[in-house]
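Subject: Structure for you to look at

Dear colleague,

Here is the structure I promised to pass on to you, together with its sequence. Please open both side by side, and then read my notes below with the view in front of you.

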Amino acid sequence: MEHTDRDGAPFRKETQVDTGWRAREQGADPPVRQATQMDTGWRAAAGAPPDPGAESGPIANAYARIEDFQEAVGRLPQLTASSGAVYLVKGTLSQAGGESAVLLCTAPDGRDVAAKVYYEPVSDLLSAIAARKEVLQYMGTEDGQKYTLAVSELGLVALRGSQYYFEIMPYCPEGDLTQYRVPSFPDMVRLVYYLNEALHSMHRAHILHRDIKPANLYRLDGRIVIGDFGVAKLAKAGATRHTAGTDCYRAPESVLAVTSGDAAFFFDEKVDYYSLGVTLGCLYEGHFVYEKMDPAMITAAVRQSRLPLTRVEPWREQLENLLNGLCRFDSTHRFGYEDVRRWVVDRNYTGGIAEDGWPKAFRMLNEEYRDEKSLFEGITRDAAHWNEGRDLLYSKYFENFFISFRTDLARAAQLADEHWRTRDRDKGLSVFLKSLFAPGPIVWRGYTFHSLQALGDKMVSTRTPAAYGELLQKQCVSHWLSNTEGIQVNETTVDVVDAIEKASLKEPELACHWFGNSFAQHRELQICGRTVTTLGELLGTLFQTPRNFFQEEVYHKLMDRTDGAALYGFLYSFGGQEIIEAGLAKAASCDEFGKMCVLFGVLDTIAVKAGEDPQPLRRFFVQYGPVGIAAYTKRLIERTDSPVYRGLNPDGKRLLAQIAGFRPAPAETVDELLGAYAPLLDLIKQLQIDLIDNPYCVSTGLYENKGVLCTNLAGCFAFQIFGCSAPLGFHGWIESAAGGVAP
């Protein structure tokens, strides 16, 4: 629902709460989040003595439904506090929950504040304050100002002849922690310490909050404060008979009291610590920890004293020591203030209660497994075990096996089934396996690799690296990195893996060569009959002689990334991806000649970036590469004995003189060399237009006496290379192992 002011303009989004939270008791699907349940005995529990200062009897409510009340509150123009201060209503912040409506108001000094108007009518301000006296007194203390969203003013507002109590408190523009995910372990430890001290401070004031959850934790001026004390209760002698709170956050003993109707249950500060445990689990996951779980699974998880966590971090096990202690079903063994303090100091602290192992063995292919590691290794042993494990996952065998004693694993199996059944069953099994045994290696359909290097070594050494392309296409490696405990990799490694996996979707073989040469112990590329391991060795091999470049198919491998997958994968492993991709994008609109010029420029840039000597490449570009056609033709024109070309008229003689006299401007890089030789390339194009090189015409004299005459077949432009014509002599020039000599 979008928050609006009285004119309907949006200004802030409220916390979304499922108002049908009660439906779960009738067997309906559970909600993602549940609304706060108001204690119907807020004033006096059935059969229990009334609280001090409570009203003598109920007061008729002008609104039969809270929705009608909230709508009426939202139309209020202003609220006048008991001090006489007037707060102008700007709009509705929240109509969620079953106890109040929250408004955004402007204080007399111009600040934004929040006003909470309670649904229950009161006789006068004193009776309203009496019910909350201890809470308000606590909020006025130094600790109250530090730990709570403290009330600054209060008052009554009349609606339909009934009076309703309201409180003014700070407005928190950053909102609550409903969708917050604690990013790191140090952040979690600091939050645990702070909330533990906050609860301890309240409990020393004999106040039970009874509704601790992310939606009641607010960001205010760079700190976290606890708000929404609407169901808070004074605990005489550290305990109270009254229960309230939010479904799934409430302690088991609170739920039992409600379902049994027994008003004799007493509740102490342990109910807040149970709620704290569920809250911390939600903040670890980044969402409601029981999200999409059915009632049976939630009940099993509660009875097992174990939250169904799915996020995997190296620090998860230490956090579970705390959460399992806070969420113990038996409140006598549940963590309290001192236990949490001990955990903050020693994250291995468990309260002295040992966790039970598997109560029964898992059977698969006539074998038994009694812990997570052995089952993981059994499923990943070979293709047969993998296929069996996949069938068991989607027949819900794993889910049903773990439901009675490991709801976290039962839920992991459930989620894998839901998300991957129709999309990719093998990927679903690999995801479940990481939940089963987080420290496990990279696995896929019977293959197992214990590190990036192990997988890289295999891709480099095999003749068919594309056989492992599926590992990359299914993003198994990145999933392993992000879900394996104890893996320490930097952001660069993660980025490289992500880029390789993305490339594998279109070019799996190139991606495998890229991955292998990025993570193998030693890079390796077979090319031109040699094994090269460095970029310098590659450049030296490619451009040592024209024979290597042209006869060993290097030319075609550069022009076609499919044929050149191994070459490009090798280049990518040196960080050349962005350079190559930018070059190929530029070359997309070029002819073959232009594309080869771009590729030479790309190799030159990569060499410079890697600190390798680019001179062999640059010399080759001018002598035998695209510029080599023009350079070779110039050599033919410069010959004084047996001239290859003869000008027939002044224009022809002038053109030959221009070519012979051409001197390139100083240049270093391939791009600069191409620019320096551009005038010569244009002159050679003009020569081709003016040239008479038909042997029959030359021998018979059937030509006009103008232009340029070719007197030697070596100068005839009949050799096709780089997508254009070159003198026939250029073929012999590039075929010579020594580089060739001009005829």
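Strands β5 (residues 86-94) and β6 (residues 100-106) run antiparallel and are joined by five bridges, and one place where you can see them face each other is L88, which stands opposite T106 in β6. Please keep in mind while you look that this is a predicted model. Strands of a sheet pair through backbone hydrogen bonds, either parallel or antiparallel.

These two strands belong to an open sheet of six strands, whose order is β4-β5-β6-β7-β9-β8 and whose pairing is antiparallel. Because β4 (78-80) and β8 (153-159) each have a single partner strand, they stand at the edges, and one side of each is left without a neighbour in the sheet. On average, and with direction ignored, neighbouring strands of this sheet are turned by 40° against each other. Two helices lie across strands of the sheet: helix α1 (residues 66-74) lies across β5, β6, β7 (112-122), β8 and β9 (162-170), and runs at about 10° to β6, while helix α2 (residues 125-139) lies across β7, β8 and β9, and runs at about 35° to β9.

Further along the chain there is an open sheet of three strands, in the order β23-β25-β24, and here the pairing is mixed. Its edge strands are β23 (645-647) and β24 (691-692), each of which pairs on one side only. Three bridges join β23 to β25 (residues 708-710), and these two strands run antiparallel; within this pair, Y645 has C710 of β25 as its bridge partner. Helix α27 (residues 650-660) packs on the sheet, where it touches β23 and β25, and its direction makes about 130° with that of β23.

Next come two loop residues with an unusual backbone angle. Most residues other than glycine have a negative phi, and most peptide bonds are trans. D221, however, is a residue other than glycine with a positive phi, near 55°, and its place is in the loop between β11 (217-220) and β12 (223-226). D221 counts as exposed, because its relative accessibility is 69% and the cut-off for exposed is over 50%. D228 is not a glycine either, and has a positive phi of about 55°; this residue is found in the loop between β12 and β13 (233-234).

Is Q414, in helix α13 (residues 407-420), buried or exposed? Q414 is buried, because its relative accessible area of 7% falls under the 20% cut-off. If its neighbours within four places in sequence are left aside, Q414 is in contact with K292, M297 and E399.

Finally, there are the enclosed spaces, of which the count comes to five cavities of 30 Å³ or more. The second largest cavity has a volume of about 50 Å³, and its lining is made up of S430, K434, P441, I442, V443, C476, H479 and W480. Three elements, α14 (425-436), β19 (442-444) and α17 (476-483), each supply at least two residues of this lining, with the largest share, three residues, coming from α17. Sorted by class, the lining of the second largest cavity has five nonpolar, two polar and one charged residues.

With best wishes

Technical notes. Residues numbered from 1 in each chain as written. Predicted model: local features only at pLDDT ≥ 70, side-chain atom pairs only at ≥ 80, totals over all residues. Heavy atoms only, no water. Pairing = 2+ DSSP bridges. Helix = DSSP H or I, 4+ residues; strand = E, 2+ residues; numbered from the N terminus. Contact = heavy atoms within 4.5 Å. Axes fitted to C-alpha atoms, helices over the stretch in contact; angles between N-to-C directions. 1 Å grid on protein atoms, 1.4 Å probe; cavity = no way out; pocket = protein on both sides within 12 Å on 5 of 7 lines; lining within 4 Å. Points joined across faces, edges and corners; volume = space filled by probe spheres on them. Nonpolar A, V, L, I, M, F, W, Y, C, P; charged D, E, K, R; others polar. Buried < 20%, exposed > 50% of the residue type's maximum accessible area, 1.4 Å probe, protein only.
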